[in-house]
Amino acid sequence: MRCAFVCLGVALFMAGILAHQLFAADERHHHPSMDIISLSRDFIRQTTVIQLSSPKESPQESMRESWRESLRADAPEDSLIPGVLIHPVEGYIEFERAWCFSTRYSDEDYQAQISVLCHRLDGRMRGEWCAENVSENALFSASFGTEGSACQAGGIIAVIHAYQPLYSSQDKKWQSFATIMGFQ
């Protein structure tokens, strides 16, 4: 009887390890930031300024009201796919988004993240384009800029613009579009 409990415990432990390994492998394959649009949306969420207080009101009222104002004025939309345009005939997806960017961050933070993504996809950055190492095909394009204007919540207005293939990086329509947009 004792052996049955020990054997059952070991079997459950091994099944748990196997399930974790399968989940971890699946998570790496389908990581939410494994494409430039998901990465860009995550970056916008992380770097958006949210105003927390105003000196005129009580702390509780001030926090509630400024939270509402910030969400209305500067926070990213939480709709299904804000800023995304799909171009099925040309074979690409376009993402453009302006938001209130916190001055605690810099454009180098975004550049570092897209460089890591490009490397994960077996590519290398060439300007704003990520190119596959072997085939030299364009994988995606991403650009970041600030307008210099102040936001209501205290940061500055920033814009991300990204392109990625709709079907695959080998698609001739995508490659033709990338060439037109400056990929060499």
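**Hairpins, disulfides and salt bridges in a predicted model**

Let me begin at one spot on the strands, where Ser143 has His161 as its bridge partner in β6. Before I go further, please keep in mind that what you see above is a predicted model, and that every value I mention is computed from it.

From that starting point we can widen the view to the two strands themselves, since β5, which covers residues 138-150, and β6, which covers residues 156-165, run antiparallel and are joined by seven bridges. The hairpin that these two strands make has five residues between the strands, and within it Gly154 takes a positive phi near 115 degrees.

Strand β5 also has a partner on the other side of the discussion, so to speak, because the bridges counted between β4 and β5 number three, with the strands running antiparallel. Here Cys130 has Phe140 as its bridge partner in β5, and the hairpin of β4 and β5, again with five residues between the strands, has Glu136 at a positive phi near 65 degrees. I would ask you to remember both Cys130 and Glu136, as each of them comes back later.

Let me turn to the disulfides. How many disulfides does the structure hold? There are two of them, and, as a general reminder, a disulfide is a covalent bond between the sulfur atoms of two cysteines. When the bonded cysteines are counted along the chain, the pattern of pairing is 1-4, 2-3.

In one of these disulfides, Cys100 is paired with Cys151, and their sulfur atoms lie 2.4 Å apart. This pair links distant parts of the chain, with Cys100 sitting in strand β2, residues 92-101, and Cys151 in the loop between β5 and β6, a separation of 51 residues. The link is right-handed, with 130 degrees about the S-S bond, and both Cys100 and Cys151 are buried.

The other disulfide brings us back to Cys130, which is bonded to Cys118 with 2.0 Å between the sulfur atoms. This pair, too, links distant parts of the chain, namely helix α4, residues 107-120, where Cys118 is found, and strand β4, residues 129-132, which holds Cys130, twelve residues away. Because the torsion about the S-S bond of Cys118 and Cys130 is about 90 degrees, this disulfide is right-handed. Are these two cysteines buried or exposed? Cys118 has a relative accessible area of 1%, and is therefore buried, while Cys130, at 0% relative accessibility, counts as buried as well.

I move now to the charged side chains, where the structure holds three salt bridges; in general terms, side chains of opposite charge can pair when their charged atoms come close. One of the three joins Arg45 to Asp42, with 2.9 Å between the closest N and O atoms. Since Arg45 and Asp42 are three residues apart in helix α2, residues 36-47, about one helical turn separates them. Arg45 is partly exposed at 44% relative accessibility, and Asp42 is partly exposed at 22%.

Which residues are linked in a network of salt bridges? They are Arg124, Arg126 and Glu136, and this is where Glu136 returns. Its contact with Arg124 spans 2.8 Å from N to O, and the pair connects the loop between β4 and β5, where Glu136 lies, with strand β3, residues 123-126, where Arg124 lies, twelve residues apart. With Arg126, Glu136 has its closest N and O atoms 2.3 Å apart, and these two residues are ten residues apart, Arg126 being in strand β3 as well. As for exposure, Glu136 is partly exposed with a relative accessible area of 30%, Arg124 is partly exposed at 35%, and Arg126 is partly exposed at 25%.

Finally, a word on the largest pocket, whose volume is about 170 Å³. Among the residues that line this pocket are Met34, Ile36, Leu121, Glu132, Phe140 and Gln164, and the elements giving two or more residues to the lining are β5 and β6. The lining divides into six nonpolar, two polar and two charged residues. Phe140 therefore makes a fitting place to stop, as a lining residue of the largest pocket that is also the bridge partner of Cys130.

Note on methods: Residues are numbered from 1 along each chain as its sequence is written. This is a predicted model: local features need pLDDT of at least 70, side-chain atom pairs count only at pLDDT 80 or more; totals for chains, interfaces and linings use all residues. Side-chain values use heavy atoms; hydrogens and water are left out. A disulfide is a pair of cysteine sulfur atoms within 2.5 Å. Helices (H or I, at least four residues) and strands (E, at least two) are DSSP runs, numbered from the N terminus. Buried means under 20% relative accessible area, exposed over 50%, partly exposed in between (1.4 Å probe, protein chains only). On a 1 Å grid over the protein atoms alone, a cavity is a set of points where a 1.4 Å probe fits but cannot get out, and a pocket is an open set with protein on both sides within 12 Å along at least five of seven lines; lining residues have an atom within 4 Å of a point. Grid points are joined across faces, edges and corners, and a volume is the space filled by probe spheres set on the points. Ala, Val, Leu, Ile, Met, Phe, Trp, Tyr, Cys and Pro count as nonpolar, Asp, Glu, Lys and Arg as charged, and the others, Gly among them, as polar. A salt bridge is a side-chain nitrogen of Lys or Arg within 4 Å of a carboxyl oxygen of Asp or Glu. Two strands pair if DSSP finds at least two bridges between them.
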